[in-house]
Each structure stands twice: as structure tokens, then as C-alpha cells.
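I opened this notebook to record what I looked up in the structure below. The entries follow the order in which I made them.

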Amino acid sequence: MSAGRRAAAVAAALLPMAALVWASTAPLTVQPRARSLVRLAWSARPERIENCRPRTEAELAQLPQHMRQPMVCEGQTAEYELTVRRNGQVVLQQRVHGGGLRRDRRLYVLQEIDVEPGSSAIDLSFDRVGGPSSATEAPASRGSDHAPPHLAFAERFDIAPGEVVLITYSPQEGALVARRPAPAAHGR
Amino acid sequence: MSALSSPFERLCVRVLTGADALANRLYGQRYNPLYQSGTIVVALYLVLVITGLWLLLFYRVGAPWQSVAHLTASPWTGRWVRGLHRYATDLALVATVVHAFRMFAQGRSWGARTLAWVSGCVLLLLVLLCGWTGYVMVWDTFGGHLAAEGARMLDALPILSEPTSRAFTGETPLPTAFFFLNLFAHIGLPLGMGVVFWLHVKRLARPAMLPSRPLLWAAIAALTAAAILWPVPMGPQADPLRLPEQVPADLFFGFWIPISRRLQGGQSLLLAVVIGTLLVSVPWITARRGAGEPPPVSHVDEEICVGCVQCSLDCPYGAITMLPRDSKRSPLVARVDPDLCVSCGICSGSCPPMGVGPPGRTGRDQLVRARTFISEKKLAAQIVAVACGRGAGTYAGALEKAGARPYVVSCAGNLHSSVIELLLRGGAGGVLILSCPPRDCWNREGPRWLGERIYHGREAELQERVDRARIQVVTVNAAERAEALSALASFAAEIAALEVPVAADDEDVSTECEPAEVREEA
């Protein structure tokens with residue numbers, strides 16, 4: 001093989017290798033410039049609204065002895081209305097219900113709202129739709145992981161470019177809370 | 001040979017042969033990396049296993065980013081190994097795509113090769129998934145993006161009560177179990193690849209597993225040098241509460257992110273499924289390539305078969321088995337499995353009594369055709385250029401203009417040695433066989449068996465009485481016209497210098513190979 005051809009062979013090997021290295025390490029633009037987000041993310045068990053009434057003596061008499069429950073309850077899991085306002089403008093309105101076909105599983109909220117970097121007043125409400133309409137209708141269960149009938153959040157943020165403000169539900173506090181990013185860790 | 005019907009397929013062949021010719025000029029046929037793309041993937045797989053095992057020693061699922069950052073900071077034991085691991089992954093992906101393109105362009109993707117194509121698509125998917133999980137393991141901004149995008153696609157499937165994307169919202173720190181599962185997938189997928197690879201080569205006899213040794217070491221050395229000179233970057237730790245504009249990415253595995261960011265998760269998933277389905281459907285889309293019907297499979301004339309097992313040994317696809325029979329002729333008889341036969345016709349050249357081969361291409365059919373050729377061309381010491389139909393046969397006109405008598409065959413590996421002898425006895429001054437390069441044979445082992453039959457006495461061997469000085473085998477592809485013409489000119493000069501005239505035609509070539517009893521019966 002001549003020296004010229006050998007040099008060409010080496011160059012031809014280096015070229016794709018350089019392309020491989022470049023493509024393997026090239027920075028990839030994944031976000032449009034100066035995009036910021038308000039992210040709503042939480043999960044909770046929806047309240048179960050039950051309407052209970054005592055059985056009459058006649059009803060109880062018709063039942064087998066082992067099925068004579070004195071109270072009969074019918075109910076449904078609650079639905080919630082999520083409304084988000086940014087600087088007074090409604091930017092999101094959504095009905096949230098429990099998961100599963102019968103909508104009796106945990107509900108979750110996962111929404112991302114694009115915002116301009118800078119100051120933003122975020123006002124959020126999460127309200128049960130309907131609710132106990134009479135003295136006999138009442139939430140049947142309310143543990144620490146159940147969504148309360150009403151949640152509200154209002155705060156003004158100064159959001160940096162590329163920042164995500166997370167608004168989530170804290171069961172311990174029983175309220176919506178905001179989380180901001182920690183100082184970044186950089187690789188070597 | 002199946003006709004290439006669409007302009008796209010013809011374009012693919014042209015691009016491939018052009019690239020092959022260029023690489024042949026630079027590296028020679030023996031070290032042409034394009035011919036060995038499939039085996040390069042296997043070699044890189046081994047590199048990935050070895051480097052991956054080393055990296056695994058330092059990886060901690062409880063602190064993924066920190067452990068990889070610590071590893072990357074170590075110039076002797078970590079940084080270059082990680083670089084080699086990544087660059088080998090990228091090259092493996094490129095080589096896989098080149099290999100698939102070659103198979104598609106050469107029409108080696110359907111019929112009996114369907115299993116190899118489909119399993120190859122599965123291997124490609126596994127390579128992508130393996131790379132995906134590998135980047136998630138690092139858990140830098142690129143890994144975080146890959147994980148979040150994957151979750152977005154997964155959420156389009158109505159199989160989970162809660163979206164998996166919630167894991168990447170920043171509500172709670174990612175559990176160690178996630179990284180453990182990811183690590184498990186990153187190790188398990190290559191194991192699965194081993195099984196699929198077995199399926200991939202299952203229908204091949206003597207599959208080539210590794211590239212030629214110099215090429216193997218050159219590739220590893222080049223990747224290692226790249227890993228040392230250009231260490232792979234380590235991005236900031238993934239933080240779901242930050243949206244970096246850019247991430248230090250690997251375009252081979254992250255090229256789709258800018259597209260998927262513009263689509264809904266379901267649309268991205270649908271697009272991926274459509275592309276995957278199209279790839280897997282290639283055998284059915286391209287089947288019959290304008291030929292009307294698939295090429296006929298080989299058949300065995302049991303009256304002629306002497307049970308010598310040579311066709312069974314030579315078949316590159318293991319499509320011929322020897323079965324016992326109750327006959328005076330031989331205790332064994334060859335049987336072709338039509339599901340495995342790709343109609344390559346290699347068996348035609350391997351059968352001494354010429355009793356096997358695709359219809360119209362058996363040794364006997366070849367002799368009939370050669371006789372017609374001799375009588376039509378009225379050979380007077382010209383060179384007969386036996387050209388492979390997919391290679392030098394594409395510029396048969398140029399060979400004729402250069403003074404040769406082109407004789408195009410479907411594959412040089414099909415050529416029965418008796419045809420060579422017949423051509424010489426019929427008046428040819430010499431026979432120049434223009435075969436495809438050994439690693440580029442569309443029928444895998446044609447040039448190998450051809451050379452052994454002519455020069456090393458492999459059945460059905462070229463008789464010793466035939467003057468080897470009047471035969472030359474040259475390997476060229478469809479884009480190497482200049483090389484073929486140059487070889488023709490130099491061979492013609494050699495033939496012209498020969499003093500001994502061509503032997504007289506005093507024996508019946510068509511039956512001389514057959515055992516005595518067959519001749520008597522005839």
C-alpha cells in the first residue's frame with residue numbers, strides 16, 4: 001500500500017471516528033429558551049360521600065338474620081374542581097376524579113403550566129364538587145392521605161428561566177405547598 | 001436472482017456498492033469494515049460486556065450520579081473505560097444500522113431470511129433499550145430526560161392507574177428501587193440479546209462471529225484512543241425542578257428527543273410503534289421484489305444423487321440434510337428443506353454428478369447453457385469473463401467492449417467446475433471469473449467454495465488436467481468496473497504469453513464427473 005493510500009485510509013478512519021465522538025457528546029437542545037414551569041403534582045385518596053339511613057323494622061324482618069344490618073349506606077367518591085389562576089387569569093380549570101373504572105381509586109393531579117420567567121402570582125383552588133347535601137350525607141372516611149374538601153394556595157413567585165415551581169399536597173400539613181429547586185450539583 | 005423492482009431499492013444497492021468500492025480501495029476487501037458490520041457488532045458486544053462488568057464494580061444504586069461522577073473523575077480506572085463503553089455502544093448501533101442496510105439493499109431480508117431480519121429488528125430494539133437504561137443509570141440531565149420521556153410514552157398506555165411520570169415530578173426523591181430495576185434491565189437486556197442473537201444466526205451454517213483480527217483490534221484501539229483523548233462528559237445531576245436548555249447528550253440514543261418533545265406521549269409512542277412495525281414488515285413489503293414469484297428452491301434428483309453429502313456440507317443455510325434410503329445407488333440421499341432454502345444455488349456447484357440445484361441452474365443446466373454460449377459466440381481464444389450477476393455482471397457490456405466474452409451467472413459460487421473446463425475446451429483462451437468479494441457474497445460462501453473447488457480439490461473439483469494458468473479468479477463488486485477491466489487486461493496479457501495451445505475437446509465433460517454406473521445407465 002502506498003504512503004498516500006495509507007494516509008487516506010487513516011484519514012478515512014479518523015473522519016467517521018471524529019463524527020462518532022462528536023455525535024456521542026454533542027449538546028442537545030431539549031427546551032426552548034427561557035422556559036419555566038409551574039408543575040402541579042399530587043396524589044390523594046378522594047373522599048367517599050355516603051348517604052346512610054336506618055333500616056325500618058319491616059325491612060330488617062325481610063332480610064335473613066345474618067344480614068340484618070341496622071344502617072344501610074350508599075355513596076360515591078367525591079370529585080374536585082381544580083382552578084389555577086396566574087396573575088388573576090384562569091390558566092387551568094379541570095375536574096379531577098379518582099382513578100379506576102369506578103373512580104374510587106386514588107386521584108392524582110399532574111399538570112404543567114408554562115410561565116414566562118419573572119414574577120408570577122399563582123392562585124390555586126382545589127374544591128370538592130358537591131358534598132354532603134343533608135344531615136344524613138357525610139364523608140365516610142378521612143385519613144391523613146385523603147384529600148380535604150377544600151385546598152387553596154396563593155403565592156407570588158419570582159421564577160428564574162429554566163426553573164420549575166412544584167406545587168404539591170403535603171398530607172402532613174394538610175395543605176398545598178411549593179417546592180423550588182435546590183442549588184445544582186455539577187459533574188466533573 | 002430476484003429483480004430489484006423499485007428505484008429506491010436500486011438506489012440502495014448503488015449507494016452500498018459505491019461505499020464498498022471506496023472502502024475496498026482504502027482498506028482492501030479483507031479489512032473492509034462495511035463487509036464485516038455484523039461481526040463488528042458482536043465484537044463490540046463483547047467489549048461492552050467486559051467494560052460494563054468493570055463499571056458495575058463502582059456503580060451504586062443508592063447514589064447513581066455521585067458514583068458515576070466519582071468514576072469519571074478517575075483518569076486511570078474509570079474515565080476511559082466509561083468512554084470506551086459509550087463509544088462502543090454508539091459504534092455498535094451504527095454497525096447494526098449498516099448491517100441492516102446491507103441486508104435490505106441486497107435483498108437478503110425475506111423468505112427463509114425473514115427470521116434473521118425480524119430477530120435483527122428485535123436486536124436493534126434491545127440495543128436501543130439497553131443504551132436507554134445505561135444513560136438513565138448515570139442520572140445526569142440526559143438520563144433524566146430519557147427517563148421522563150420514556151415515562152411520558154408509557155403513560156399513554158391505559159394500563160397503570162397512576163401515570164409513571166409522577167415519579168419524575170420532584171414530589172419525592174426517586175427511590176433506590178427505581179435505579180435497581182433500571183440496573184437489572186441494563187444487565188438483563190444483553191442476556192436477552194444473546195438468545196435473540198442465537199435466533200438471528202440459527203439458519204446459517206458456519207456463521208462468522210468476529211471480524212478479521214486486525215480489524216477487530218484496530219476498532220478497539222481507535223475507540224480506546226477516542227475515549228482517552230475525548231473523555232465523555234458528565235452532565236449535572238438530573239433535577240426534576242430544573243429545565244436545562246441543553247443537555248450533554250448522545251445523539252445516537254437521544255436523536256428522537258427533540259421530536260418527541262413536540263408530540264404528546266401517545267403520539268411519540270405511536271410513531272415509534274409505526275416505525276418499528278414498518279421495519280419488521282420489510283420481509284413482507286419487499287418479498288418477491290418484482291419477480292412475480294419467489295425464486296424456486298433447490299431440488300434433488302434422487303436418481304442422480306450418490307449421497308456424497310457435499311451439497312449438505314456446502315449449503316450456507318443448512319437447508320440440505322442427508323436422509324437414509326433403501327436404494328442400490330447410495331445409502332443416503334440429499335433432501336432440501338424448502339423453508340430454509342434461499343435458492344442461492346451453491347449446491348449446484350458442489351454436486352459432482354450435477355443432481356442438485358434450483359430448477360434451471362443445476363450443473364447439467366449450466367453445461368447446456370455453456371454449450372449454447374460456445375456455439376453462439378464461436379470462441380477463438382478470447383477470454384471468457386464469467387461474471388457474478390450482482391457484481392461484475394452489471395457491467396458486462398464494458399467487459400465485452402474490452403474484448404472479453406461476458407458470461408453472466410447468478411453467483412460465481414453456483415458455477416460448476418465442469419463449465420470452466422467446457423469453456424476452455426470450447427475455444428476460450430482463458431476463463432476470468434469475476435466473483436463478488438468473499439465477505440460480500442450475497443449467498444455467503446460462494447467465492448470461498450469456488451476457490452476451493454478450483455485450487456484445493458474440494459468436491460466438485462476442477463479436474464487436474466485443466467490448465468490453471470488459463471483460469472483466474474478476481475473478486476470485484478458492482479462498482480469496481482475499473483478494477484475488473486484492469487484485471488481483464490492483465491489476464492489477457494498473461495494468456496497471450498502462454499505458448500501451449502488450449503487442449504483439444506476429446507472428452508464428454510457433461511458426464512465425466514458422474515460415477516461409472518450412472519454413465520452406463522445413461
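**Entry 1, interface.** I looked up the contact between the two chains of this predicted model and found 47 residues of chain B in contact with 42 residues of chain A (contact: C-beta atoms, placed from the backbone, within 7 Å). On the side of chain B that touches chain A, I noted that at least two residues each come from several elements, among them α1 (7-27), α3 (64-73) and α8 (213-229) of chain B. Helices here are DSSP runs of H or I with at least four residues and strands are runs of E with at least two, numbered from the N terminus. The most is given by α4(B), with five residues. By class, I recorded 26 nonpolar, ten polar and eleven charged residues on that side of chain B; Ala, Val, Leu, Ile, Met, Phe, Trp, Tyr, Cys and Pro count as nonpolar, Asp, Glu, Lys and Arg as charged, and the others, Gly among them, as polar.

**Conventions.** I number residues from 1 along each chain as its sequence is written, and chains are lettered from A and ligands numbered from 1 in the order in which they are written. Local features need pLDDT of at least 70 and side-chain atom pairs count only at pLDDT 80 or more, whereas totals for chains, interfaces and linings use all residues.

**Entry 2, strands across the interface.** I found β1 (residues 27-29) of chain A paired with β1(B) in the antiparallel sense over three bridges (pairing: at least two DSSP bridges between the strands). Leu28(A) is placed opposite Val247(B).

**Entry 3, sheet in chain A.** I traced an open, antiparallel sheet of four strands in the order β6-β5-β8-β10. β6 (89-96) and β10 (150-159) of chain A each have a single partner strand, so one side of each lacks a neighbour in the sheet. Between β8 (residues 118-129) of chain A and β10(A) I noted ten bridges, in antiparallel sense, with Ser120(A) opposite Phe157(A).

**Entry 4, confidence in chain A.** The mean pLDDT (the predictor's confidence in each residue, from 0 to 100) of chain A is 86, and 88% of its residues reach 70 or more. Among its elements, I found the lowest mean, 56, in β9 (residues 137-141) and the highest, 95, in β5 (residues 79-86). Where pLDDT is low, predicted coordinates should not be read in detail.

**Entry 5, a helix pair in chain B.** I found that α5 (residues 114-138) and α6 (residues 141-154) of chain B pack at about 125°, their axes 7 Å apart. Residues making this contact include Trp132(B) of α5(B) and Phe142(B) of α6(B).

Technical notes:
Contact = placed C-beta atoms within 7 Å. Axes fitted to C-alpha atoms, helices over the stretch in contact; angles between N-to-C directions.
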